[in-house]
Amino acid sequence: QLLSPSAPAAAQLITEREESQIQKKIEARMPVKPRTTCDEVSEDGTLVRKEQAWRRMVEANQDALFPAQAGRYHLYISNACPWANGAHAVMKMKGLEHVIGLSITHPTWGRSRPGQDEHMGWQFKDPTDPPTANPNGTGSYDCDGCVPDSINGAKFVRDLYELAEDQDGKYTVPILWDKHNKTIVTNES
């Protein structure tokens with residue numbers, strides 16, 4: 001059964017044991033130096049976007065690595081990211097919201113590995129969580145509209161990349177996740 005934001009909250013939660021196993025797997029990985037889009041700005045201020053590391057396709061062929069199958073994929077977005085919003089809009093326009101699951105991050109970044117590195121990235125929150133402060137100190141924002149990760153129990157988008165054994169270090173949304181292969185299909189909008 002594909003879990004959606006409208007499914008009962010209890011059905012969306014992974015067990016504490018599963019979450020603990022996932023967290024141990026993340027922590028055991030060799031660290032990749034995190035980077036951001038700011039690292040892709042040239043001396044003259046031009047954005048020179050590096051090609052995304054994850055650019056695979058879902059195919060109609062059922063023998064493909066990523067075959068088109070209802071309930072197999074999950075989309076991770078942030079409503080604060082225009083590229084991710086585009087992917088979400090296309091999913092809705094094509095009527096795929098009952099075929100592809102959805103998680104939505106909080107609109108502000110948080111420190112993903114305090115004490116390990118300085119990376120700040122998209123964080124998953126529950127709509128019932130208290131407002132989250134902007135790390136730049138410009139206020140706090142409620143968690144309405146957030147949809148936590150019920151597939152992998154990720155607390156940050158970075159967790160998903162590490163589960164997929166990413167070697168690039170740029171932790172962006174949107175992410176189309178293959179639940180069967182437990183990996184990223186694409187992070188290209």
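## C146 and the sheet around the core

C146 touches I104, T105, H106, K125 and P127, leaving out residues up to four places away in sequence. The model is predicted. C146 sits in the loop between β6 (140-141) and α4. C146 counts as buried because its relative accessibility is 3%. Along the chain, C146 and D129 are 17 residues apart, and their C-alpha atoms are separated by 9.5 Å.

**The cysteines**

How many disulfides does the structure hold? The count is zero. In general, a disulfide is a covalent bond between the sulfur atoms of two cysteines. For C146, the closest cysteine sulfur is in C143, at 4.8 Å, so the two are too far apart for a bond. A disulfide would need the sulfur atoms within 2.5 Å. Seen from the other side, the closest cysteine sulfur to that of C143 is in C146. C143 is buried too, because its relative accessibility is 0%.

**The chain as a whole**

The secondary structure comes to four helices and eight strands. From the N terminus on, the order is α-α-β-α-β-β-β-β-β-α-β-β. The chain has 189 residues, of which 43% count as buried. The exposed surface is about 10800 Å², and carbon and sulfur atoms supply 54% of that surface. Among contacts with a separation of 6 or more, 60% join residues 24 or more positions apart.

**Strand pairing**

Here is how β1 pairs with β2 and β7, and how β7 is joined to β8.

| Strands | Sense | Bridges | Residues standing opposite |
|---|---|---|---|
| β1 and β2 | parallel | five | I77 and I104 |
| β1 and β7 | antiparallel | four | H74 and W177 |
| β7 and β8 | antiparallel | three | W177 and I184 |

Start with β2. Both of its faces are covered. G101, S103 and T105 are buried on one side, and L102 and I104 are buried on the other. That makes five of its five residues buried. I104 and T105 are also among the residues that C146 touches. β1 and β2 pair in the parallel sense. The chain gets from β1 to β2 through α3, and this β-α-β crossover is right-handed.

Now take β7. Which of its residues are buried on each side? I175 and W177 are on one side, L176 and D178 on the other. So both faces of β7 are covered, as buried means under 20% relative accessible area. W177 stands opposite H74, and W177 also stands opposite I184 in β8. The hairpin of β7 and β8 has four residues between the strands. There, K182 takes a positive phi near 55 degrees.

**The core**

The largest nonpolar core has 29 residues. Those with the most contacts inside it are V157, L160, Y161, I175, W177 and I184. Six elements are listed as giving two or more residues to this core: β1 (73-78), α3 (82-93), β2 (101-105), α4 (157-163), β7 (175-178) and β8 (183-186).

What does I175 contact, leaving aside its neighbours within four places in sequence? The list is H74, L75, Y76, V157, L160, Y161, I184, T186 and N187. Of these, V157, L160, Y161 and I184 are also named among the residues with the most contacts inside the core.

Terms used:
Residues are numbered from 1 along each chain as its sequence is written. This is a predicted model: local features need pLDDT of at least 70, side-chain atom pairs count only at pLDDT 80 or more; totals for chains, interfaces and linings use all residues. Side-chain values use heavy atoms; hydrogens and water are left out. A nonpolar core is a set of buried Ala, Val, Leu, Ile, Met, Phe, Trp, Tyr and Cys residues joined through side-chain atoms within 4.5 Å. Buried means under 20% relative accessible area, exposed over 50%, partly exposed in between (1.4 Å probe, protein chains only). Contact means heavy atoms within 4.5 Å. Accessible areas come from the Shrake-Rupley method with a 1.4 Å probe; for residues, only the protein chains shown count as cover. Two strands pair if DSSP finds at least two bridges between them. A crossover is right-handed if, with the strands pointing away from the viewer, the path from the first strand over the helix to the second runs clockwise.
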